[in-house]
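Reader: Please give me a close look at one part, the strand pairing, and then connect it to the rest. Short sentences would help me.

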Amino acid sequence: MSRLQPWARRLGTASAALALLVLLFSAMYLAADAEGFGNDYARYYPMVFAAAALALLLLAVAIGSRLWKLRRQLNERTPGARTTRRLLILLLVLALPPVLLTYGFSVRFIEATVDTWLRANNVPALEDALAIARQALQEHEAQANQRTEQVLARLGEAPLGEALALEDALDEVQAAQLVLFEADGRVAALAASEPAFLLPAPPEEDALLALRSAGRHVSLQRLAQGSFVRVLRKLPRDTSGRHVQALFAVPVDYAERSERIEAAVFGTRQAGFLRESLKAVFVLILSFVVLISVFLAVLIAFDLARRVVAPITRLAQAARAVGEGQLGQELPEVSNDELGFLVRAFNQMTRELQLTQARARTSAEETERQRAYLESVLSRLSSAVLVLDREGRLRGSNQAADDLFGRRLADYLGLPLAVLGEATSLHQPIIDCVLQRLQDGAMEWRQEISLARESERQLLILRGAGLPDAGQAIVIDDTTAIDRARRDAAWSEVARRLAHEVKNPLTPIQLAAERLRRRVLPRLQPDDAEVLDRATHTIVAQVDALKTLVNAFGEYARAPQLELRPVNLNALVDEVLDLYDNDPRLQLVRDLQTELPNPRADQGRLRQVLHNLVKNAQEASAERNVLQLLVRTRLRDDAGRQWLDLSVEDDGPGLPTGFDASWFEPYRTTKAKGTGLGLAIVRKIAEEHGGQLLAENRTEGGARFILRLPVGLG
Amino acid sequence: MRALISRLVALCCSLALCLLGCSAATPERAEILHAQIGADGARETLEVEQHLRFSAIMLEALSNGIALHLRYELDGCDDPQAPRVVLTYSPLTDEYELQRVGAGESSQRRFARRSAMLAALRRVRLPVTAGSRDCADNVRVSFDLAALPTPLRLPALIDRADWALQSAPFALLEANTP
């Protein structure tokens, strides 16, 4: 059963109150009427009992329903049910014993009191009094009968003057009334002592019957004028059926006393007869009252328990709801006692909790915004970021870290960093460095390390910063490109200065050497002339070499001014290679893919790239008489982006040991001749076009250089 | 005390049963054999021939000065002065009295012996309110518990075996019916 509706609760309360009132009034009515021997409302007795019984039944039902509800609440472990039971038992233990004790003693008291009240020890005395009164009455009757005989005698002596005889006899026998009736009941003669007796009352049939059977009938008559002895006698020697009725007044004091004795005997006999019934009624009324008290005590106990427990129950339910996260619990503050104080404290607590929760929610939202912002920044950061806890376990990373380590670091969250090191030996130096710093407990640190990658050495700058929870945030910057750019800029500056500072004096030197040779040589002796000739020749040759070197540096240092337009790469390759077709030291092979897209590029610069690569192959294989050169064009698709590869392969000695990206820097060469700028210029041109220069050894021997250009690049 | 409690419990239990059945007839103890309303001039009387059997406790109550009331209810008439017979005992004269009450009148008959009074009760003539002959259909006689002294009412109400006396309704005969 769910909770009772308010209207049902009110109906139950009203029914109980009504039943109580009915029971109370019924008991009061019975109590008020119990000792009475009759009343005008006696006919309502059954209804009163029925109402009382119904009221008791209603109260019992009300109590039963409450007990049933309490039992169910106990089974369901409803908050407050056990306290209600405890309180109920306590209150009943306090209330019932006095009531039951009072009941027991009251019953005993009723028994004793009624017995005392209706003590039977005076009954014999009353019976004796009654016997005396009867004897006196019989004497009165005997005297009356005797006087009536005198009347009859006088009537017999005067048969013609019956009326007069009655008048005479009335005074003689001191009768109140003398009447001579005919056989048919008519009045033959009448004598009365008072006018009130002038109207005779004929004897009843029963009296006449007794008269006829016994010849006389004597009885006591209570009339309005008092008590009288009535004597009926037949007339002697009269066969007509006439009879005399004589009324003799009973003395007043005797009449009154005899009536009192009769009333006392009556009352005593009635009381004796009614004693047990009276006790039963008294006990029944008392039982009603006790039942009222008991039921009332139970109902009051229920109500008190409910009043005491209800706030606690509400408090428990509200506390449970708060525990489940429903903080909007506001309890009514109905009392001003300790419970009221507790309720107010609870309400204040829930309000504080709501405020705190609101603040926490706002803070959490702010934190979440900050985290999303930080995550967004980190994800877009080119620097790799690792967050470690105090034990060196990975707590977070960004996309750049994934790119650096070449794996998804989210899979390593919560794992020690050493596990990541075991997974990627290439990055072991990073792991070792970080773990070492963690072990040292450094709060702020910075360290540069280099990783040996396949194509080049990767320069990394690691910076660590301690976190408040003793963890570390590691930021890793890849400075390889920066470093290379810095070096390229330095080389460009050197080349530019060389071109500017060295190239300018070379022409005067060469002109001076030639003038010296032209003017002095003819005038010198043969021996001196030969020396001068070799010297000037050497000067001119070296100046040419210097010019070549300076021009190369100038070319390298030249600012990129590309004239981009669609280039047919295959046609360009054919055009350049045609220049080398007649070179006996080269065996050219073309492997050109047809239907290539035309990249936008500077045609002259691409031509220079191809020349440099061919020349680089020739110089690298200078000791070979014939060098096989394979030039290949291919369209390459790399993750949805198209590239054009122009590769130059030779069957020479291959790349030098330890070849890496640094070999594309200026002045890195293994050749005796050469400026050391060829590959540097090729890489620079490749980068100016948004492409790259790659180098690798061929599996069948020799080296392969690849110029990779983007397709569709503006 | 225990006997008293058990008696009270029995009393309460039988009270409900009694309340349900206290209006039931007891034909074995009260039966109207003949009834009619006759006219004596302007005066109407109810003549009833009946068979009544009083219980021993009723007669004991009578001997102890408790009046026994018999009510004669005329169905169809709303008469507040329903005819009654009241039986009483006078200890001084040691006589029994049969009082007939109705229509504002009252008359008594005295008997030296109780059996005579009960025999006389077999056939009674009671004054009734004028016009009763026209409105009454049935008549029934019942012992009036409400007229008992208060302490006796509840036991009488409960103890039907001793105190219930009620006839079934008897259809009134026409006055000229033999």
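**From one hairpin outward**

Author: Strand β1 (residues 30–40) of chain B is joined by 10 bridges to strand β2 (residues 43–52) of chain B, and the two run antiparallel. The model is predicted, so local features need pLDDT of at least 70 and side-chain atom pairs count only at pLDDT 80 or more, while totals for chains, interfaces and linings use all residues. Residues are numbered from 1 along each chain as its sequence is written, and chains are lettered from A and ligands numbered from 1 in the order in which they are written.

Some terms come up at once. Helices (H or I, at least four residues) and strands (E, at least two) are DSSP runs, numbered from the N terminus. Two strands pair if DSSP finds at least two bridges between them.

Now follow T45(B). In the hairpin, G38(B) stands opposite T45(B) of β2(B). T45(B) also has a bridge partner in β7(B), namely P127(B). Six bridges join β2(B) to strand β7 (residues 123–128) of chain B, again antiparallel. Two residues lie between the strands of the hairpin, and G41(B) there takes a positive phi near 75°.

Next comes an open sheet in chain B. Six strands make it up, in the order β6-β5-β4-β3-β8-β9, with antiparallel pairing. Its edge strands are β6 and β9 (170–171), each pairing on one side only. Inside it, strand β4 (residues 84–90) of chain B meets β5(B) through seven antiparallel bridges. One of these pairs Y89(B) with Y96(B) in β5(B).

The loop between β5 (95–102) and β6 (105–111) of chain B holds A103(B). A103(B) has a positive phi of about 55°, although it is not a glycine. Most residues other than glycine have a negative phi. A103(B) has 19 other C-beta atoms within 10 Å, so it counts as partly exposed (20 or more is buried, 12 or fewer exposed, in between partly exposed; C-beta atoms are placed from the backbone).

Chain A offers a parallel case. Q174(A), also not a glycine, has a positive phi near 55°. Q174(A) sits in the loop between α5 (162–173) and β1 (177–181) of chain A. Q174(A) counts as exposed because it has 12 C-beta neighbours inside 10 Å.

What about the interior? The largest nonpolar core (buried Ala, Val, Leu, Ile, Met, Phe, Trp, Tyr and Cys residues joined through C-beta atoms within 7 Å) has 69 residues. L46(B), Y72(B) and V139(B) have the most contacts inside this core. Helix α7(A) gives the most to this core, with 20 residues. Another core lies apart from it, with 39 residues, among them L549(A) and V682(A).

Y72(B) is in contact (C-beta atoms, placed from the backbone, within 7 Å) with residues including L46(B), L126(B), V139(B) and V141(B), leaving aside neighbours within four places in sequence.

Helix α7 (residues 252–323) of chain A has a kink of about 50°, centred on L274(A). That bend is the angle between axes fitted to the seven residues ending there and the seven starting there. Just after α7(A), G325(A) takes a positive phi of about 100°.

Last, look at A144(A) in helix α4 (residues 123–157) of chain A. A144(A) is buried because 23 other C-beta atoms lie within 10 Å. A144(A) and F248(A) are 104 residues apart in sequence, yet 6.4 Å apart in space, C-alpha to C-alpha. Beyond four places in sequence, A144(A) touches V218(A), V229(A), V231(A), A246(A) and F248(A).

Key:
Two residues are in contact if their C-beta atoms, placed from the backbone, lie within 7 Å.
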